[in-house]
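Work through the exercises below with the sequence and the 3D view open. Try each task before you read its solution.

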Amino acid sequence: ASYQTVLNYSEMAAYHCHKFNMAHKGEADTLQVGDEVYTKVAGRNWYAFLFLSPLRRKLTSYHCSPERDERAATTALKEAIRTIPKSTQEVTTVTDGLSSYVPAVHYINRTENMKLLHKQVIGLQNLDTESETYRPFKQMIERLNRTFRFHTNPASGFKEANGLISITTLFATHYNFLRPHEALNFEVPCPLDQLKNIATLQGKWAKILHIAASLT
């Protein structure tokens, strides 16, 4: 298959996998850590906002944007907390010092029925108590970022945003449902009964696409 054919298949698969990711990620934890990864789209920087649930090493949110602004941060953060039980009173989110997260947290605290606590890890050294306490969680999302870059760097950037959005969506599917994690005793972050008896990775992808295509 040609390079363009592979891209076309990826975009079609990503459309269905996004619905699958949203429907099957399960409950999120009351601690969320987020960060942004940049890559090139048509010669300019775009950003993938990623949020991770440290307890299950689960990717709870992904959002691609040409800006690192309040709207992008809010969109990513709202998805990260969407499946936290409604009875939860407090949620802690850990980020770097990007200023866009501050108004995003304020907005969510005004509009959602829960209190969102915001912890910032600043710089590379622990110069304050908050950075020292929460840096281990920030290091988790940085390892996730390196894994993400490993999959996106071979593309050397994208000609259009659909390429970045597609590979980010498929990365989330692979990371949550197909990639065993050492910290989870080599289980996947989001185990599904429908995939347990399928031996090959290709077969699991086919099953995911079959399930995803049936979602409305």
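The exercises that follow concern a predicted model, and each one has a worked solution.

**Exercise 1. A long helix**

Task: Find how many residues helix α4 has, where α4 bends, and which strands and helix its buried residues pack against.

Solution.
- Step 1. Helix α4 covers residues 129-152, which gives 24 residues.
- Step 2. From its first C-alpha to its last, α4 reaches 34 Å, close to the 34 Å expected at 1.5 Å a residue.
- Step 3. Look at the start of α4: a side-chain oxygen of Asp-128 comes to within 3.2 Å of the backbone nitrogen of Glu-130.
- Step 4. At Arg-135 the helix bends by about 55 degrees, and the proline Pro-136 follows within four residues.
- Step 5. The buried residues of α4 include Met-140, Ile-141, Leu-144 and Phe-148.
- Step 6. A helix has 3.6 residues a turn, so residues three or four places apart point the same way.
- Step 7. The buried residues of α4 pack against the strands β1, β2, β3, β4 (90-95) and β5 (115-120), and against helix α5.

**Exercise 2. A charged residue on the inside**

Task: Find where Arg-57 is placed, which side chain of opposite charge is nearest to Arg-57, and which backbone oxygen its side chain reaches.

Solution.
- Step 1. Arg-57 is in the loop between β2 and β3 (58-65).
- Step 2. Arg-57 is buried but has no salt bridge.
- Step 3. The nearest side chain of opposite charge belongs to Asp-29, at 8.3 Å. A salt bridge needs a nitrogen and an oxygen within 4 Å.
- Step 4. The side chain of Arg-57 does reach the backbone oxygen of Pro-54, at 2.8 Å.
- Step 5. Leaving out residues up to four places away in sequence, Arg-57 touches Leu-52, Met-140, Tyr-175, His-181, Ala-183, Leu-184 and Pro-189. Among these, Met-140 is also one of the buried residues of α4.

**Exercise 3. Salt bridges**

Task: State how many salt bridges the model has, then describe the pairs of Glu-112, Arg-82 and Asp-193.

Solution.
- Step 1. Side chains of opposite charge can pair when their charged atoms come close. The count for this model is nine salt bridges.
- Step 2. Glu-112 pairs with Lys-78, and their closest N and O atoms are 3.9 Å apart. Glu-112 lies in the loop between α3 (101-111) and β5, while Lys-78 is in helix α2 (residues 70-81), so the pair ties together parts that are 34 residues apart in sequence.
- Step 3. Glu-112 is partly exposed, at 28% relative accessibility, and Lys-78 is partly exposed too, at 34%.
- Step 4. Arg-82 pairs with Glu-79, with 2.9 Å between the closest N and O atoms. Arg-82 is partly exposed at 38%, whereas Glu-79 is buried at 15%.
- Step 5. Asp-193 pairs with Lys-196, where the closest N and O atoms are 3.1 Å apart. Asp-193 is exposed at 59%, and Lys-196 is exposed at 58%.
- Step 6. Salt bridges with shared partners join Lys-25, Glu-79 and Arg-82 into one network.

**Exercise 4. Two buried helix residues**

Task: For Thr-168 and Ala-212, name the helix and the residues in contact, leaving aside those up to four places away in sequence.

Solution.
- Step 1. Thr-168 is in helix α5 and is buried, with a relative accessible area of 1%.
- Step 2. Thr-168 touches Ala-48, Tyr-62, Cys-64 and Phe-148. Of these, Phe-148 is a buried residue of α4.
- Step 3. Ala-212 is in helix α6 and is buried, with a relative accessible area of 0%.
- Step 4. Ala-212 is in contact with His-16, Cys-17, Lys-19 and Phe-20.

**Exercise 5. Positive phi**

Task: Find where Ala-42 and Asn-185 lie, and decide whether each is buried or exposed.

Solution.
- Step 1. Ala-42 has a positive phi of about 50 degrees, although it is not a glycine. Ala-42 sits in the loop between β1 (31-41) and β2 (44-53).
- Step 2. With a relative accessible area of 59%, Ala-42 is exposed.
- Step 3. Asn-185 is not a glycine either, and has a positive phi of about 55 degrees. Asn-185 lies in the loop between α5 (161-178) and α6 (201-213).
- Step 4. Asn-185 is exposed, at 68% relative accessibility.

Methods
Residues are numbered from 1 along each chain as its sequence is written. This is a predicted model: local features need pLDDT of at least 70, side-chain atom pairs count only at pLDDT 80 or more; totals for chains, interfaces and linings use all residues. Side-chain values use heavy atoms; hydrogens and water are left out. Helices (H or I, at least four residues) and strands (E, at least two) are DSSP runs, numbered from the N terminus. Buried means under 20% relative accessible area, exposed over 50%, partly exposed in between (1.4 Å probe, protein chains only). Contact means heavy atoms within 4.5 Å. Lys and Arg count as positive and Asp and Glu as negative; His and the chain ends are not counted. A polar contact is a pair of N or O atoms within 3.5 Å; within protein, one must be able to donate a hydrogen and the other to accept it, and residues adjacent in sequence count only if both atoms are side-chain atoms. The expected span of a helix is 1.5 Å times one less than its number of residues. The bend at a residue is the angle between axes fitted to the seven residues ending there and the seven starting there.
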